[in-house]
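Got your viewer ready? Load the model, switch on a cartoon view, and keep the selection box handy.

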Amino acid sequence: MVLEGSTDVGTPGSLGLRQTSSKAPRILPAPPSDNLLLGKEPVKYGELIVLGYNGSLASGDKGRRRSRLALSRRPQANGVKPDVVHHISTPLVSKALSNRGQHSISYTLSRSHSVIVEYTHDNDTDMFQIGRSTENMIDFVVTDTTPGGVAGEGPAAQSTISRYACRVICERWPPYTARIYAAGFDASSNIFLGERAAKWRTPDGLMDGLTTNGVLVMHPAGGFSEGSMPGVWREISVCGNVYTLRDSRSAQQRGKLVENESNVLRDGSLIDLCGATLLWRTPAGLLRAPTLKQLEAQRQEANAARPQCPVGLSTLAFPSPARGRDVPDKQQPWVYVRCGHVHGYHSWGCRRERGPQERECPLCRLVGPYVPLWLGQEAGLCLDPGPPSHAFAPCGHVCSEKTARYWAQTPLPHGTHAFHAACPFCGAWLTGESGCVRLIFQGPLD
């Protein structure tokens, strides 16, 4: 292999790479030994939750293909960091990348010139890779989400999620900072950005680039809590730098560098892979979220109030999550999503001239969709443990008011350049003026 030039680039900073310095190294205290952690639960860095599945995949969570993944401290560090840059003749790239044990990123600038950045082992970080591929190097297998919480399977629809979509690098020592980077290493430990991929030289002479459909990130303003507001969607580069969005998802021209923002994940950060959107929850944030036991207690409390259908006078009850989520129970509450009046199921009031699912509420005469109510069961999507008082329109998933209002005003990427608010429990696009409705129950007459 003939190398035309090599440069030692040192270790990555929070936004990419830095040049090595001739200054004397600063002596840091040694991190605690792995032996001190024997017998203890591994440190949890956070959890990734795929929007649209309400607690589990329709076919069940199995192995690395699931709706939720906890990222925990590995027994041995597997992180990598940039080491040396090679400028090389493009025809020799395949030979240069033949060492499977050497992680590297290859940038093809032209038919005759490529840049290869070699990575070396990093004892202070753990790496987790996310993508569509089922190969062993992918820790979290993610497939396209369609409204209704159905994962795309089979060749019927072409996936827009990359096989090696992104990687999360977590520091093994407090404060356990997690950072997101576009692209993941393949089976040969390489990331390859071809001649047509968006890539460029940075002001300090190093390389950076974007993946075909991009990795978008949004950090909520005010954290993921009762006072949260949606933030601004940005694109993350291969080296972890932050850019404004391209004109379209796969455009060749990158956005502008956002120097005052970083790729550090916060509680409530959203990661969009062009086909699926993931929510990052920190351990501290999950402590503020309701537990499954609390959600079940809320279901039982709602049923104990014995809500009634105001017309049929039958008692309504939310079914147990164990019963399934496809076929409504005969006591299932139904709602007119335009007004929020809750009834039992009935067949009158159809207004087929307005649409196949349009019904007229017998109490207020508003015409709109009439759907069964389903309790949200993915606790990590909830901002607070408030009572289930609101439902998303038009799907009928129920959660607290603050959770409903937050997601109803959060635009999620769709297609090449569109954004729509969607139900976090099933992925259905929200409709109406507010995207959600306050539920109006009638109590028992006795």
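Here is a tour, stop by stop, of what to select and what you'll find there.

**The whole chain**

Before picking anything out, bear in mind that this is a predicted model. Colour the cartoon by secondary structure and you'll be looking at four helices and 32 strands. The chain has 446 residues, and buried ones make up 50% of them. Turn on a surface next: about 21400 Å² is exposed, with carbon and sulfur atoms supplying 52% of that area. As for contacts with a separation of 6 or more, 64% of them are between residues 24 or more positions apart.

**Aromatic stops**

A search of the whole structure turns up 14 aromatic pairs. Start by selecting Trp334 and Tyr345. The ring centres of Trp334 and Tyr345 are 4.7 Å apart and the planes meet at 55 degrees, so this pair counts as tilted. Trp334 belongs to strand E23, while Tyr345 is in the loop between strands E24 and E25, eleven residues apart. Is Trp334 buried or exposed? Its relative accessible area is 12%, so Trp334 is buried.

Now add Tyr336 and Tyr370 to the selection: together with Trp334 and Tyr345, they form one aromatic cluster.

Next, jump to Tyr406 and Trp407. These two form an edge-to-face pair, with 5.4 Å from centre to centre and 80 degrees between the planes. Both Tyr406 and Trp407 are buried.

**Charges over rings**

Select Arg254 and Trp200. The charged end of Arg254 sits over the ring of Trp200, 4.5 Å from the ring centre. For another example, try Arg172 with Trp173: Arg172 lies over the face of Trp173, at 5.8 Å from the ring centre.

**Salt bridges**

How many salt bridges does a search of the whole structure find? The count is 15, and here are some to visit.

Pick Glu226 and Lys402. Their side chains meet in a salt bridge, 2.8 Å from N to O. This pair links distant parts of the chain, 176 residues apart: Glu226 is in the loop between strands E18 and E19, and Lys402 is in helix H4. Glu226 is partly exposed, at 46% relative accessible area, and Lys402 is partly exposed too, at 38%.

Then go to helix H3, residues 292-304, and select Glu296 and Arg299. Their closest N and O atoms are 2.8 Å apart, in a salt bridge. The two are three residues apart in the helix, so about one helical turn separates them. Glu296 is partly exposed, with a relative accessible area of 24%, whereas Arg299 is buried at 11%.

Glu360 and Arg365 make another salt bridge, with closest N and O atoms 2.9 Å apart. Here Glu360 is buried, at 15% relative accessible area, but Arg365 is exposed, at 54%.

To finish with charges, select Lys44, Glu47, Arg68 and Glu378 together, and you'll have a network of linked salt bridges on screen.

**A nonpolar patch**

Last stop: show the surface again and select Val311, Trp348 and Leu363. They form a nonpolar patch on the surface, and their accessible area together is about 270 Å². Where is Leu363? Look in the loop between strands E25 and E26. Leu363 has 46% relative accessibility, so it counts as partly exposed.

How values were computed. Residues are numbered from 1 along each chain as its sequence is written. This is a predicted model: local features need pLDDT of at least 70, side-chain atom pairs count only at pLDDT 80 or more; totals for chains, interfaces and linings use all residues. Side-chain values use heavy atoms; hydrogens and water are left out. Rings of Phe, Tyr and Trp (its six-membered ring) pair if their centres lie within 6.5 Å; planes under 30 degrees apart count as stacked, over 60 as edge-to-face and the rest as tilted. Buried means under 20% relative accessible area, exposed over 50%, partly exposed in between (1.4 Å probe, protein chains only). A charge sits over a ring if NZ of Lys or CZ of Arg is within 6 Å of the ring centre and within 35 degrees of the ring normal. Patches are made of residues with over 30% relative accessible area and no salt bridge: like charges are joined within 9 Å, nonpolar side chains (Val, Leu, Ile, Met, Phe, Trp, Tyr) within 5 Å. Accessible areas come from the Shrake-Rupley method with a 1.4 Å probe; for residues, only the protein chains shown count as cover. A salt bridge is a side-chain nitrogen of Lys or Arg within 4 Å of a carboxyl oxygen of Asp or Glu. Contact means heavy atoms within 4.5 Å.
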